[in-house]
Amino acid sequence: CLIGNIAALEDAGSCFHDKVQRQHVIHSSFVNQGIKRWQRDGLSQRPIRITPYFVNNRMSLSAELKTFLRHNLFPDVIQYFASTLAVAPVQGRFNLDACFTKWSNRDAVAGYCRILKSIDCGPRYDYDKIFEQHFRPVTYCSQNSAASCRTYGGGGVAETDFLLYVYATSEGPCRNRNTLAVSSTCAQDSQTGRPIVGYIDMCTSSFDQIKEYQTYRHAVVHELFHTLGFASVHFQNFRRPNGTIYNATRSITANGKETTVLTSPKVLEVAKEYYGCNSLQGVPLEDYGVANSIESHWEMKILYGEMMTAAITIGLGKMTTVSLLTLAAMEDSGWYKVNYNSSYGRYKMTWGKGLGCNFLFGSCTNKNDFPYVCQANTKGCNFDHFAAATCRTNQWLNKCHIFMPIVGKVCFDTNNNQSERQYDGECNYHYGTDSKCVVGNLTSKTCRASNGGNCIKIICGLNTTSNQLQLKLEIAGQEVLCNHDGEKVQIHSYSNDLTCPPVERACQHFMSANQVTTAPI
């Protein structure tokens with residue numbers, strides 16, 4: 001599941017994904033994939049085709065919200081996965097085996113189905129089942145007589161590799177208003193083990209809180225990653241290239257603490273390069289949650305802002321992303337070919353990059369190991385200066401205080417321009433792709449700014465004399481040059497000052513996007 005109040009230590013919920021998954025036995029069923037079981041050369045694999053099935057009588061939403069899910073949100077999410085994951089495509093119609101046991105050869109109806117499968121797939125695991133229309137047709141005889149026989153099954157659906165049941169209720173874990181969505185895998189392919197049916201329950205109790213499209217999108221993408229393979233129940237059944245099953249997790253002791261880590265080969269390769277830790281034995285999984293409901297997410301302390309951590313702040317969907325580590329885990333499952341160039345959104349993962357082994361397993365009280373630590377309740381900018389922030393913690397951060405972005409203060413979000421004026425007056429703050437957070441406490445006759453982070457237009461460029469990257473801040477039509485990190489600069493007609501941010505952080509995304517000018521500044 002995904003929790004939606006990441007910043008509130010006292011009232012944020014815990015993720016229920018593992019708890020819900022344990023209530024659902026993952027049934028095995030054959031789907032015709034038409035190739036060798038473990039052929040993963042990419043030539044035989046095609047973009048995954050996810051088909052949503054909206055369970056209308058179990059969706060407690062207005063007609064407007066149902067239309068939004070059907071025609072906007074889910075098509076967008078499905079397109080993202082089609083551009084990111086490829087599978088051996090199901091040949092013909094997608095349908096499941098319907099028969100659990102058959103009548104024996106001695107019976108009058110020998111060979112016909114005697115007991116039908118009943119597969120749980122929904123928030124009420126004793127009530128919500130896979131529908132008849134998604135099973136392969138069989139002759140079912142309830143008694144040992146031809147008169148009791150009938151055809152069962154509807155033939156399935158076309159052009160499908162994964163069938164997703166969509167609910168919208170306030171049942172079970174969704175009674176918790178902090179829970180945005182819940183999911184589970186319902187069936188897997190009997191030959192390859194690949195998840196082939198799952199469900200997602202969009203929690204109606206939290207819908208009235210969500211005002212941002214990207215938060216909706218994040219919730220559905222997060223849950224689909226769970227149902228497709230990013231969960232502890234699947235980590236224990238990953239497939240090697242030769243088809244054998246292995247457990248991709250193990251427990252290690254680091255700095256006196258026992259930690260469960262993901263050890264699959266591509267994850268290790270990516271993580272060693274990303275963190276700069278060649279001795280890495282595995283990437284830590286989340287160790288916080290309700291009883292036995294852990295290890296299906298990345299540890300938030302080391303991958304803050306990543307899609308597959310356990311929580312998100314409602315309204316900050318733009319500040320999350322899918323990292324190469326999550327994609328590597330999906331490839332290591334043995335079920336998918338991954339497009340590592342797929343883009344989830346504008347925001348890119350840089351948290352912890354290059355900070356070494358101690359960042360992964362060390363204490364956050366040591367600023368050398370964990371440079372993001374801050375003093376509780378102080379105001380400033382988040383680590384990469386994309387948003388104004390407040391220093392806080394939550395249950396998943398192991399008591400580490402970091403600068404958490406403030407809703408409505410994401411600098412590249414142009415929707416914030418109007419709301420900003422309502423609170424701070426005409427401060428001439430700037431929102432857009434050329435804006436970053438700068439600490440300061442500027443005031444003027446029309447500006448009521450408070451001390452902390454402010455979104456300011458920045459200009460990044462190369463000094464052609466020194467060949468050094470330089471940074472300018474622009475506000476109210478005035479440009480001021482930052483000569484070094486931490487320099488206090490003043491703006492004409494404003495009281496107080498701004499503090500220049502580190503030029504490498506302020507300009508890193510402009511540099512990667514080839515937006516650095518070569519003109520003297």
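## The second largest pocket

The second largest pocket has a volume of about 390 Å³, and the model in which it appears is a predicted one. Among the 21 residues that line this pocket, those closest to its centre are Cys381, Asn382, His385, Phe403 and Arg505. Two elements, strand E19 (379-381) and strand E21 (402-410), each give two or more residues to the lining, and E19 gives the most, with 3 residues.

By residue class, the lining of the second largest pocket divides into 13 nonpolar, 4 polar and 4 charged residues.

## The nonpolar cores

The largest nonpolar core holds 89 residues, of which Phe81, Phe225, Leu228, Tyr275 and Trp298 touch the most other members. Helix H2, which covers residues 63-84, gives the most to this core, with 8 residues. A second, separate core has 27 residues, and these include Cys381, Cys411, Tyr431 and Leu471. Cys381 thus links two parts of this report, being listed in the second core and also among the residues closest to the centre of the second largest pocket.

For Tyr275, leaving aside residues up to four places away in sequence, the contacts are Ile302, Leu303, Leu325, Trp351, Gly352, Gly354, Leu355, Gly356, Phe359 and Leu360.

## The surroundings of Leu85

Leu85 lies in strand E5, which spans residues 85-87. Is this residue buried or exposed? Leu85 counts as buried because its relative accessibility is 1%, and the limit for that class is under 20%.

When residues up to four places away in sequence are not counted, Leu85 touches Arg46, Pro47, Ile48, Leu228, Met330, Tyr336, Lys337 and Val338. One of these contacts, Leu228, is also named among the residues of the largest nonpolar core that touch the most other members. Another of the contacts is Arg46; Leu85 and Arg46 are 39 residues apart along the chain, while their C-alpha atoms are separated by 8.3 Å.

## An open sheet of three strands

Elsewhere in the model, 3 strands form an open sheet in the order E15-E16-E17, and their pairing is antiparallel. Strand E15 (249-254) and strand E17 (283-284) are the edge strands, since each of them pairs on one side only.

Strand E16, made up of residues 257-262, is joined to E17 by 2 bridges, and these two strands run antiparallel. Within this arrangement, Leu262 stands opposite Val283 in E17.

How values were computed
Residues are numbered from 1 along each chain as its sequence is written. This is a predicted model: local features need pLDDT of at least 70, side-chain atom pairs count only at pLDDT 80 or more; totals for chains, interfaces and linings use all residues. Side-chain values use heavy atoms; hydrogens and water are left out. Helices (H or I, at least four residues) and strands (E, at least two) are DSSP runs, numbered from the N terminus. Buried means under 20% relative accessible area, exposed over 50%, partly exposed in between (1.4 Å probe, protein chains only). Contact means heavy atoms within 4.5 Å. Two strands pair if DSSP finds at least two bridges between them. On a 1 Å grid over the protein atoms alone, a cavity is a set of points where a 1.4 Å probe fits but cannot get out, and a pocket is an open set with protein on both sides within 12 Å along at least five of seven lines; lining residues have an atom within 4 Å of a point. Grid points are joined across faces, edges and corners, and a volume is the space filled by probe spheres set on the points. Ala, Val, Leu, Ile, Met, Phe, Trp, Tyr, Cys and Pro count as nonpolar, Asp, Glu, Lys and Arg as charged, and the others, Gly among them, as polar. A nonpolar core is a set of buried Ala, Val, Leu, Ile, Met, Phe, Trp, Tyr and Cys residues joined through side-chain atoms within 4.5 Å.
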